[in-house]
Amino acid sequence: MLIFELSRPGRVNRSQAPGDAPEPRDIPQRFLRARPPLLPEASELDVVRHYTSLSQRNFSIDTHFYPLGSCTMKYNPRACNALALLPQFLARHPGAPDDTGQGFLACLFELQEMLKEVTGMAAVSLAPMAGAQGEFAGVAMIRAYHDAHGDTERSEILVPDAAHGTNPATAVMCGYGVREIPTDGDGNVDLPALKRAVGAHTAGLMLTNPSTLGVFEHSILDIGKVVHDAGGLLYYDGANLNAILAKVRPGDMGFDAIHINLHKTFSTPHGGGGPGAGPVGAGARLAPFLPLPIVCGRDEGYRLQDERDLPLSIGRLAAHAGNAGVLLRAYVYMRLLGAEGMRRVADFATLNANYLLAELVKAGFDAAFPQRRASHEFILTLKRLKDETGVTAADVAKRLLDKGFHAPTVYFPQLVPECLLIEPTETESKQTLDAFVAALREVAAEARASPDLVKSAPHTTPVRRLDEVRAARELDLTWKSV
């Protein structure tokens with residue numbers, strides 16, 4: 001039942017209502033409401049029960065295994081939340097003078113320094129408010145660099161065919177054309193095709209390594225040399241940084257810029273529409289173009305640098321200095337782990353992925369790249385299952401919900417038919433992984449014995465299978481009074 005359906009006229013809870021607000025002044029009459037907003041009238045108990053009930057209907061990392069490939073849905077330690085919620089942090093206004101928040105700025109400065117160390121970048125800005133905004137900042141810096149050098153003929157960004165969909169979208173938003181680079185039979189970027197594609201028109205290459213195919217690029221240094229020799233720059237999509245944390249640094253691979261998804265690698269809250277944080281790092285060539293503000297340290301304390309300090313900056317991406325609460329959670333997480341702990345993140349992320357891949361192959365599933373070991377994630381192709389039973393990857397994903405597991409990523413990357421992209425992360429136990437293997441084995445057996453059972457799944461969730469095309473084209477999120 002919707003909260004509006006629980007509503008009754010006059011049923012309100014005034015215990016948490018704000019005090020009497022003064023009448024608005026100096027607001028033109030045409031901007032004032034003619035009638036009160038349509039809001040539900042409910043007691044505090046009604047509201048608590050409503051939202052608690054909604055939370056119990058959802059899959060979440062707190063309730064279920066969530067093997068979404070390339071999303072890194074791992075556990076968020078409660079200690080990080082508790083320390084980020086200290087009153088001294090919560091009470092500080094984002095516009096307060098620097099000298100009233102030295103402890104807060106010290107944490108952000110140390111976070112910048114730690115991110116520089118693990119990425120191999122010369123400088124880091126914490127300003128981007130999400131991974132997508134950090135990605136935009138990275139390509140915007142590449143454009144600013146070329147413009148500053150009068151190299152305005154560079155009109156094209158190269159993107160592998162296995163890249164995240166945000167990569168070409170970001171390139172276009174920054175005013176570039178996009179050229180797709182194919183993948184070879186081993187899952188690597190096709191180096192001869194890359195060599196044919198680069199030229200005076202090449203602004204840069206967007207790449208994540210390991211790629212979304214779940215493998216580490218064999219020729220990453222050669223890829224970097226090809227792009228740099230053509231005058232382009234390398235941008236690292238930080239989506240898969242969890243696999244190489246404290247093992248290999250993007251800066252040492254030759255990348256000039258990187259965005260970092262704190263919700264993936266550094267275990268800040270993930271999903272729900274935000275708030276997020278996507279710090280962006282830059283090598284020496286791009287550091288002057290980083291977005292503002294950036295925390296700097298000085299003998300008398302810490303301060304936020306502005307346009308006077310970095311006149312070549314691409315500017316500000318938001319009103320203040322990034323999402324403070326998310327940044328603080330990442331800071332605490334990194335301090336809790338330390339250097340050795342970060343290495344263990346990569347160790348166990350890759351161990352879990354390779355164990356899960358081996359067990360699923362033993363269970364009869366087909367690896368998309370059987371000749372390669374997994375990084376932190378891997379791809380199964382269910383093409384054979386579909387050909388034999390008519391059951392698709394989407395059907396299997398829906399049936400997994402009935403088994404108590406969120407589905408892996410489906411149909412991405414699109415170049416693998418009937419694709420399941422699976423990422424267990426480092427925070428799951430062997431018992432959980434074994435239970436997931438057993439569930440997939442059960443679904444495969446059901447597909448052969450009773451395919452209609454799988455095709456009509458899920459059967460136990462509050463919402464059954466939707467008409468996805470109609471839901472997308474006729475989306476209705478507004479409640480209307482009858």
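**Exercise 1. Find the residue just after helix α6 that takes a positive phi, and give the angle.**

Solution. Work on the predicted model. Go to the end of α6, which covers residues 131-148. Step just past the helix to G150. Its phi is positive, at about 70°.

**Exercise 2. Check the span of α6 against its number of residues.**

Solution. Count the helix: α6 has 18 residues. The expected span is 1.5 Å times one less than that number. This gives 26 Å for α6. Now take the end C-alpha atoms, which lie 25 Å apart. The two values agree.

**Exercise 3. Which residues of α6 are buried, and what do they pack against?**

Solution. Apply the cut-off: buried means under 20% relative accessible area. In α6, G131, G134, E135, A137, G138, V139, A140, M141, I142, A144, Y145 and H146 pass. Next, look for their contacts. The buried residues pack against one helix segment, α7 (166-173), and against strands β2 (156-160), β4 (202-207), β5 (233-237), β6 (257-259) and β7 (280-282).

**Exercise 4. Work out the strand order of the open sheet that holds β10, and locate its edges.**

Solution. The sheet has 4 strands, in the order β10-β11-β13-β12. Pairing is antiparallel. The edges are β10 (366-367) and β12 (409-410), since each pairs on one side only. Now zoom in on β12. It pairs with β13 (residues 419-422) over 2 bridges. In one of these strands, β13, L420 is the bridge partner of V410.

**Exercise 5. State the domain bounds, then the separation of domain 1 and domain 3.**

Solution. The domain assignment gives domain 1 (3-55), domain 2 (79-336) and domain 3 (346-468). Take centres over C-alpha atoms: those of domain 1 and domain 3 are 44 Å apart.

Technical notes
Residues are numbered from 1 along each chain as its sequence is written. This is a predicted model: local features need pLDDT of at least 70, side-chain atom pairs count only at pLDDT 80 or more; totals for chains, interfaces and linings use all residues. Side-chain values use heavy atoms; hydrogens and water are left out. Buried means under 20% relative accessible area, exposed over 50%, partly exposed in between (1.4 Å probe, protein chains only). Contact means heavy atoms within 4.5 Å. Domain bounds come from an automatic or database domain assignment.
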